[in-house]
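Subject: Structure handover

Hello,

Here is the structure I promised to pass on. Please open it beside this email and follow along.

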Amino acid sequence: MSDLFKLQDKTIVITGGGGVLCSAMAVALAKAGARIAILDLDEVAAAEVADEIQSSRGLAVAVKCDVLNKESLESAKEEINSVFGKIDILINGAGGNKKEATTSPDLSFFDLPSEALQFVFNLNFIGTLLPSQVFGKEMAESGGGIILNISSMCAFSPLTKIPGYSAAKAAVSNFTQWLAVHVCQNYSKDIRVNAIAPGFFLTEQNRFLLTDEKTGELTARGKTIIDHTPMGRFGQPEELVGTVMWLLSDAAKFVTGIVVPIDGGFSAFSGV
Ligand code: NAD
């Protein structure tokens with residue numbers, strides 16, 4: 001049974017690996033024996049995660065990388081190959097929303113700046129597509145590999161206030177299916193592409209929407225989310241790990257082109 005979920009000696013590239021959700025994945029995957037490359041625009045955050053892994057005798061390398069810049073991705077790929085020799089798995093974790101692309105009493109839909117909307121769309125969608133080109137090409141050449149994207153609840157039905165982020169994550173889910181088919185038809189039946197759609201986890205990208213900056217209390221939006229989550233709470237980053245390990249291992253060998261919600265029941269609940 002444990003062989004089914006084996007990730008020993010796999011090289012896993014994690015973009016946004018310095019962030020809250022992906023650092024939890026990185027640490028857990030390293031404990032499972034995988035070699036982890038943490039790619040992040042924030043090199044300090046990436047180095048901290050790599051240090052944490054190395055201090056528990058895991059194998060990790062931190063690489064400063066911008067997922068929106070192909071040259072930066074290519075040079076990260078070279079660096080990872082020179083350290084680990086090969087790349088087996090890509091987790092497209094870099095993403096997020098920003099305040100300027102979010103409607104509020106001070107910022108109407110009609111005034112949302114196109115630069116902010118474009119920034120959010122690019123970070124989530126193009127920031128998933130470009131690493132899939134760069135690392136996916138190596139998988140196509142070697143005849144095998146796995147790509148895991150990070151979608152969101154707002155891909156299933158849009159969330160209020162965040163039109164750019166909702167559209168971008170819907171594009172990520174759509175692209176997950178598209179790429180899963182494309183690689184099988186054109187390159188290898190042994191390349192799988194899936195996504196997870198986390199529900200609500202308190203992290204830096206949504207803290208300003210879900211909790212009050214001064215008191216730390218839940219905002220009205222935060223309360224609505226908890227009311228619509230049958231399990232009645234936010235998720236913990238570690239609760240993504242089991243599903244991620246399933247999708248990255250042979251246990252999911254015949255699974256490609258799916259988006260798995262990890263949401264405490266949020267997407268199953270109509271509100272009534
Ligand atoms: P986070 O902000 O903690 O992590 C995102 C990381 O991406 C950061 O370390 C950041 O430095 C890095 N990053 C930003 N721009 C980059 C770029 N151009 N190149 C490389 N790295 C870059 O956010 P998180 O909440 O851990 O989110 C991780 C993923 O999960 C994102 O795709 C997010 O959209 C998605 N997600 C989060 C939630 C949630 O509730 N937090 C829910 C659903 C989906």
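Below are my notes, starting with the sheet and ending with a few single residues.

Please keep in mind that this is a predicted model.

**The sheet**

Start with the strands. There are seven in an open sheet, and their pairing is parallel. Their order is 3-2-1-4-5-6-7. Strand 3 (59-64) and strand 7 (259-262) are the edges, and each pairs on one side only. From one strand to the next, the twist averages 20°.

Now look at strand 1, residues 11-15. Strand 1 runs parallel to strand 4 (residues 89-92), and four bridges join the two. I14 has I91 in strand 4 as its bridge partner. Strand 1 also pairs with strand 2 in the parallel sense, over five bridges. There, I12 is partnered by I36 in strand 2.

Strand 2 (35-40) deserves a closer look. How many of its six residues are buried? The count is six of six, so strand 2 is mostly covered by the under-20% cut-off for relative accessible area. R35, A37 and L39 point one way, while I36, I38 and D40 point the other way.

**Helices across the sheet**

Two helices to find next. Helix 5 (residues 163-186) lies across strand 5 (145-150), strand 6 (191-198) and strand 7. Its angle to strand 6 is about 165°. Helix 8 (residues 241-248) lies across strand 1, strand 4, strand 5, strand 6 and strand 7. Helix 8 runs at about 170° to strand 6.

**The cores**

In soluble globular proteins, nonpolar side chains tend to be buried together. Here the largest nonpolar core has 36 residues. L29, I36, I91 and L248 have the most contacts inside it. Several elements supply at least two residues each, among them strand 1, helix 2 (43-55), strand 4 and helix 8. Which helix gives the most to this core? Helix 1 does, with eight residues.

L248 is a good place to zoom in. Leaving out residues up to four places away in sequence, L248 touches L7, I12, L29, I89, I91, I146, L148 and R192.

There is also a second, separate core. This one has 25 residues, including L39, V61, C65 and L73.

**Aromatic rings**

The structure holds five aromatic pairs. Two of them are worth showing.

One is F121 with F125, which is tilted. The centres are 5.6 Å apart and the planes meet at 50°. Both residues lie in helix 4 (residues 114-142), four residues apart, about one turn of the helix. F121 is partly exposed at 29% relative accessibility. F125 is buried at 16%.

Another is F175 with W178. Their planes are at 15° and their centres 6.3 Å apart, so this pair is stacked. Both lie in helix 5, three residues apart, again about one turn of the helix. F175 is buried, with a relative accessible area of 7%. W178 is partly exposed, at 48%.

Ring pairs link F121, F125, F175 and W178 into a cluster.

**K98 and its ring**

K98 is in the loop between strand 4 and helix 4. Where does its charged end sit? The charged end is over the ring of F119, 4.3 Å from the ring centre. K98 also touches A116, V120 and F208, not counting residues up to four places away in sequence. Its relative accessible area is 27%, so K98 counts as partly exposed.

For a sense of scale, try K98 and Q54. They are 44 residues apart in sequence and 32 Å apart in space, C-alpha to C-alpha.

**Two backbone points**

Two residues other than glycine have a positive phi. D9 has phi near 70°, and R57 has phi near 65°. D9 is in the segment before strand 1. R57 is in the loop between helix 2 and strand 3. Are these residues buried or exposed? D9 is partly exposed, with 43% relative accessibility. R57 is exposed, with a relative accessible area of 81%.

Best wishes

Conventions
Residues are numbered from 1 along each chain as its sequence is written. This is a predicted model: local features need pLDDT of at least 70, side-chain atom pairs count only at pLDDT 80 or more; totals for chains, interfaces and linings use all residues. Side-chain values use heavy atoms; hydrogens and water are left out. Two strands pair if DSSP finds at least two bridges between them. Axes are lines fitted to C-alpha atoms, for helices over the stretch in contact, and angles run from 0 to 180 degrees between N-to-C directions. Contact means heavy atoms within 4.5 Å. A nonpolar core is a set of buried Ala, Val, Leu, Ile, Met, Phe, Trp, Tyr and Cys residues joined through side-chain atoms within 4.5 Å. Buried means under 20% relative accessible area, exposed over 50%, partly exposed in between (1.4 Å probe, protein chains only). Rings of Phe, Tyr and Trp (its six-membered ring) pair if their centres lie within 6.5 Å; planes under 30 degrees apart count as stacked, over 60 as edge-to-face and the rest as tilted. A charge sits over a ring if NZ of Lys or CZ of Arg is within 6 Å of the ring centre and within 35 degrees of the ring normal.
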